[in-house]
Amino acid sequence: MKILVCISNVPDTTTKITFTNNNTQFNTNGVQFILNPYDEIALARAIELTDGGKGTVTVINVGDISTEPTIRKALAIGATDAVRVNAVPHDAWFVAKQIAEYAKTNGFDLILTGRESIDYNGSKVAGMLGELLDQPSVSIIKKLDIDGTTGTVEREIEGGKEVLTISLPFIAGTAEGVAELKIPNMRGIMSARTKPLQVIEAVEVPSTSEVISFETPAPRGAVTLISADETAKLVDLLHTEAKVI
Amino acid sequence: MPILVYTENAAGKFKKSIFEVVSYAKAIADQQQTTVTALSIGDVSADELATLGKYGADKVLNVSNDKLKTFVNQAYASVIAEAANKEGADIVVLSNSFSGRGLAPRVGVKLDAGVADGAVSLPDLSDGKFSIKKTAFSGKAFANVELTSAKKVIALTVNSYKVVENGGTAKVEDFTVDVKESDFRAMLKEIVQSTDKISLPDAEIVVSGGRGLKGPENWGMIEELATLLGGATACSKPVSDAGWRPHSEHVGQTGIAVSPNLYIAIGISGAIQHLAGISRSKVIVVINKDPEAPFFKVADYGIVGDAFDVVPKLIAAVKEFKA
Ligand SMILES: Cc1cc2nc3c(=O)[nH]c(=O)nc-3n(C[C@H](O)[C@H](O)[C@H](O)COP(=O)(O)OP(=O)(O)OC[C@H]3O[C@@H](n4cnc5c(N)ncnc54)[C@H](O)[C@@H]3O)c2cc1C
Ligand SMILES: Nc1ncnc2c1ncn2[C@@H]1O[C@H](COP(=O)(O)O)[C@@H](O)[C@H]1O
């Protein structure tokens, strides 16, 4: 089985998000970049599914050279090889077009993405890939099994889950539960340096969206502290002042 | 050209989030001086379909095809795009629900449309642009995004637009579609409803517990408080990682982003990843025994105290209030 895992390079989850240039640009100053947590889950599952010589796992990233440490990390975790599409990702549409272009000529049985990237997070790439490649796409997957040419997945829905069967090839956006994360060992880290990382040029894509500016959530007023013995007062404030109960 | 709004149903009924998207579509239609066409797929009664008129739908296209009785992402996306083409709609609105998030990008590609996922505002049409505020960085920020394509798909965040009743009536029309066999490669086997309670993404009140609660056996009071308030329960990541609560309750940057009217955080420290998921809550109450807990910095109301002392007292006070 040939699996393609799409990986994005995102600010570490502890990052306090700020903007520069009149709030038009994400401030990367001092920011540590990591492999998107959901993509790490997808990668771990892909490695499990191909364990013991049952297939290969290629990781693909659309990014400039600064994303290579993240790609090497994916190789250290256990991906077979890697592809970097050399371009700064403009939006999900741009990313999906690049990946679809590569996938079309390289024929994968399964493509995994994370449920969303935690930067501009749109949870769009999986669905767009599905449409571009004319394959089924399922997202927010909590369980993924493959038996022969059929996949069984559990998809999250409001207040429950759906169980689906899907014929390969398809695209799945993974979330927690799909696999336990894999920590790269020394051998993995050493071998990652020599595993193939192919750099390809981006195809041109007409843009459909532009970020005009960013905002951070409005700061809240000071907290009103209430003593532990005055819970009735809290209930009253929630009713009369905040009007939420 | 009308605005097309896809109105998903849950077991034949429309939820409040659907009245939100219809109200939202109506407001866009007013901006553009046009009408709203709703699209319903599946088994929904005529009475239920007609309720969409109350929120601004002028017309409802009703697809009741045997193959489309349950949700099939690829096939539903095809129907939505077909309806948009039939109506000549340039703007398609849907809910950023779990299913909606899977549909929006597919419909976007089919229509060559830019997609604004997680929208939290009406389009801003100033300077001849069409820009929308949407969530970004998993709840830590917002982006104002201009959709530059001729057609546009907007997935509206749940609880981010008010339901407006303007009392109209909608004309319901049957809409027949030819389904493509190749759209049915993913088939639903089973729906497992984990609870009959309010689901977390839809909840207007959320009661959430963290590691401060010590163990799963102490969740009784969290559930009792949530039930009393008509809300849903949630938790921090370490709580679901430890298996005390299901992953579907994990709130935060790598979990669910919620936007309730009231979020009550009990025994949760307020780590930046947790706060990302709740920053859009209208009112935040924090109960924590540590007065230095970072959560107090973003709280509207706070009680410094031991949860095992405070929560039972709060339950008693809510009971008294409800009585
Ligand atoms: C990649 C990554 C992603 C993450 N994503 C998320 C995420 O999406 N969501 C998330 O929640 N976390 C996330 N985290 C974890 C996050 O960093 C914190 O570790 C976590 O939120 C802490 O959970 P907590 O507040 O329940 O526990 P703790 O930090 O242990 O805090 C417990 C709190 O309970 C209080 N307390 C203890 N006893 C009592 C008592 N008897 N009564 C009242 N209060 C009491 C303490 O004072 C303390 O403030 C992520 C971490 C990483 C590395
Ligand atoms: N620049 C990128 N390169 C490769 N894959 C990406 C990139 N951006 C997003 N993805 C993939 O698409 C998923 C969803 O991203 P998004 O639609 O941006 O939320 C991520 O979890 C990744 O698997």
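Which pocket is the space taken by ligand 1? Ligand 1 takes up the second largest pocket of this predicted model.

**View 1. Ligand 1 lies between chains A and B.** There are 27 residues around ligand 1, and Ser236(B), Thr254(B), Ser269(B), Gln273(B) and His274(B) come nearest (near means that a heavy atom of the residue lies within 4 Å of the molecule). Sorted by class, that shell holds 6 nonpolar, 15 polar and 6 charged residues. Here Ala, Val, Leu, Ile, Met, Phe, Trp, Tyr, Cys and Pro go down as nonpolar, Asp, Glu, Lys and Arg as charged, and the others, Gly among them, as polar.

**View 2. Polar contacts of ligand 1 with chain B.** A polar contact is a pair of N or O atoms within 3.5 Å. Gln273(B) brings a polar side-chain atom to 2.7 Å from an oxygen atom of ligand 1, while Lys214(B) has one 2.9 Å from a nitrogen atom of the ligand. Arg211(B) joins in with a backbone N or O atom, 2.8 Å from an oxygen atom of ligand 1. On its own ligand 1 has 980 Å² of accessible area, and the protein covers 78% of it (Shrake-Rupley method, 1.4 Å probe).

**View 3. Ligand 2 sits in the largest pocket.** A pocket is an open set of points on a 1 Å grid over the protein atoms alone, where a 1.4 Å probe fits, with protein on both sides within 12 Å along at least five of seven lines; a molecule sits in it if more than half of its atoms lie within 2 Å of its grid points. Of the 20 residues around ligand 2, the nearest are Cys6(A), Asp39(A), Ser117(A), Ser123(A) and Lys124(A). Strand S6 (56–63) of chain A is one of the elements supplying at least two residues of this shell, and S6(A) gives the most, with 3 residues (strands are DSSP E runs of at least two residues, helices H or I runs of at least four).

**View 4. Polar contacts of ligand 2 with chain A.** Backbone atoms of Cys6(A) and Lys124(A) lie 2.6 Å and 2.7 Å from oxygen atoms of ligand 2, respectively. From Asn36(A), a polar side-chain atom lies 3.2 Å from an oxygen atom of the ligand. The protein buries 94% of the 480 Å² that ligand 2 exposes when taken alone.

**Notes.** Residues are numbered from 1 along each chain as its sequence is written, with chains lettered from A and ligands numbered from 1 in the order in which they are written. Local features need pLDDT of at least 70 and side-chain atom pairs 80 or more, whereas totals for chains, interfaces and linings use all residues; side-chain values use heavy atoms, leaving out hydrogens and water.

Key
Polar contact = N/O pair within 3.5 Å; in protein donor to acceptor, adjacent residues only side chain to side chain. 1 Å grid on protein atoms, 1.4 Å probe; cavity = no way out; pocket = protein on both sides within 12 Å on 5 of 7 lines; lining within 4 Å.
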